[in-house]
Amino acid sequence: MAHRVLILEDDESLRLVIAKALSRAGFEVRATASADAALERLARREVDVLLADVLLGRESFLDRLDEVTRVRPDIPVIIMSAQTTARTAIEAGKAGVFEYLPKPFDLNEMVSVIKRSLEDVGPVLPVASSQGFGGLVGRSSAMQEAFRALGRLARTSSPVLFTGPEGSGRAHSARVLIAESGIAGPVIEAGPARMRREGPALLETAAGGALILRRAERWDEDCQDWVLEALETPRGDSPRILATATPDIGEHLRPVLLSHLAIGRVQLPPLRDRGGDRALLFAHFLSEQSTPREMDETVRAFINSQVWPGEVLGLKRVALHLSMQGARGPLSVEEIEAAIHEFSGRDPGVDLSEAAARFFGTALALGESGIGEKAQIAVDRGLFAAALESSNGVRQDAAKLLGLNRNTLTRRMAALQSDGDET
C-alpha cells in the first residue's frame, strides 16, 4: 500500500507541482489549502505524513502545531517556508518537526525527506515559541542547517560547540540558543583571559544558568583541565556550557574535551559560502538603525561579491557606518565602496599588490621557476571563482563579467583544473 502524504499549501500552482512530484514518486497524495481541513484529516488518520507551508494567508501554521500534537502525536511533520530569517527554522526545530525545507527547494530533495520521515517514528510536538531570534538571517543552505541545529539543541541541556571563522556570529548564536532554551538563571560570558583569572569560580557565578566560553582554540592547559572536570562531573545546579571556536579546534583541544564539548555542534559558515545572504544581512543591519534604504540588483550583486574581511562582523560595521553617516535614499555601489575603504582604511588594490609581492618573494626565496605562470593561474582561479559566485554559478553570466565568451571561460577553467591535478 502506498504511503499517504497530505499537502497543506495555499498556493494552488505550487500545491499542484508538489502533488505531481509526489505522485510520480509513488505516494498517494491529498492536498488542501485549509489548516482546519488538514487537522480534520489528521484526526481521521487518513494520512501518514504532513507536508505543510508555514504561512497560510495571515496565519502561521507553527502556531497550530499543538493541535497536531493532540490529534496525531505520531505523525512526521515537514515544514516548508519562503521566510528568510532564522525564526521559522528554529521554531520548527524546537517544535520537533521532522524537517524544515526553505523555499525554493529541490523536488527530489523533498521526496527524499518524506521517505526518510516514514522510516522514523514521528516526534511529539511541543508548542512553538513566539520569541524573537536576535537578528539571525540567512537563506543559504549552510545557514539553514545551522538554524535547524539551533532548533534541535534548544530542546536539550547538552553542551554545545559553535565553530566558524572569527566574526561569523558564534557567540551571538550561543546567546540566541540560550534565549530559546528558556534558561532563567544568569548567563555569563568569558574569554581565555577571564577563564585563566577566575577559573572554576565561573561555574559558581553561572550556577543555574549558562556559561559561554569563547575562543576555545586559545585555552591553556589549566582552562582545559577545569572545563573538562565540569563536563565530566556536573552538579545539580551546573550551568549549561557553550563554547565558541575556530574550525581548526581539533588541533588545539584534547580529544576527550572536544568530544564532551561537541555533544551538540553548530557550524557557522564563512560568508563566502553564504551566497545572497550577504545582501540580506547588509539590508538587515541597515534597517536596525535607520529607515530601510532601497537596494537594486546591482547593489545587491556588489555586496554579495565582496570578500568582507571580518566576516559578518566586518559587514555589519560597514552597514552601521552607512546607516549613521551615509546619505538618504537608494544605496549606490560607489557609496558602499567608499564606506568599505573609509571604514577599513584599506585599498583593495594595495592588498592585492602586497599579496602579489608576498607570493613572488616566497617563490624567489625557494628558488622556484615559472613564477609568472603560477601567479597567473592563482589570479585566474580567484577571478573565475568570484565571477561564478556573483552570477550564481551561471557560466554565461560569469563570462560576461570577465569580458569573455562562455566557451573561452570553460576552456580556461578546464585548463586550470588540469593544472591543479598536476600539482
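This passage looks at a helix pair, two backbone features and a pocket in a predicted model.

Two packed helices are described by the angle between their axes and the distance between the axes. Here, helix α1 (residues 12-24) and helix α5 (residues 107-119) have axes that come within 10 Å and cross at roughly 60°. The pair is therefore classed as oblique, and the crossing of α1 past α5 is right-handed. On the α1 side, the contact is made by Val-17, Ile-18, Ala-21 and Leu-22, which meet Leu-107, Met-110, Val-111 and Ile-114 of α5. By class, the residues of this contact comprise 8 nonpolar, no polar and no charged.

The loop between β7 (99-102) and α5 contains Pro-104, and the peptide bond joining Lys-103 to Pro-104 is cis, with omega at about -5°. A further backbone feature is found in the loop between α2 (35-43) and β3 (49-53), where Arg-45 lies. Although Arg-45 is not a glycine, its phi is positive, at about 55°.

Attention now turns to empty space, which is revealed by rolling a probe the size of a water molecule over the atoms. The second largest pocket has a volume of about 600 Å³. It is lined by 27 residues, of which Gly-167, Ser-168, Gly-169, Arg-170 and His-172 are the closest to its centre. Helices α7 (170-181), α12 (277-289) and α14 (311-325) each contribute at least two residues to the lining of this pocket. The lining of the second largest pocket is mixed in class, with 10 nonpolar, 9 polar and 8 charged residues.

Definitions and conventions: Residues are numbered from 1 along each chain as its sequence is written. This is a predicted model: local features need pLDDT of at least 70, side-chain atom pairs count only at pLDDT 80 or more; totals for chains, interfaces and linings use all residues. Side-chain values use heavy atoms; hydrogens and water are left out. On a 1 Å grid over the protein atoms alone, a cavity is a set of points where a 1.4 Å probe fits but cannot get out, and a pocket is an open set with protein on both sides within 12 Å along at least five of seven lines; lining residues have an atom within 4 Å of a point. Grid points are joined across faces, edges and corners, and a volume is the space filled by probe spheres set on the points. Helices (H or I, at least four residues) and strands (E, at least two) are DSSP runs, numbered from the N terminus. Ala, Val, Leu, Ile, Met, Phe, Trp, Tyr, Cys and Pro count as nonpolar, Asp, Glu, Lys and Arg as charged, and the others, Gly among them, as polar. Axes are lines fitted to C-alpha atoms, for helices over the stretch in contact, and angles run from 0 to 180 degrees between N-to-C directions. Angles under 35 degrees count as roughly parallel, over 145 as roughly antiparallel, 65 to 115 as roughly perpendicular and the rest as oblique. A crossing is left-handed if the near helix is turned anticlockwise from the far one by less than a right angle, and right-handed if clockwise. Contact means heavy atoms within 4.5 Å.
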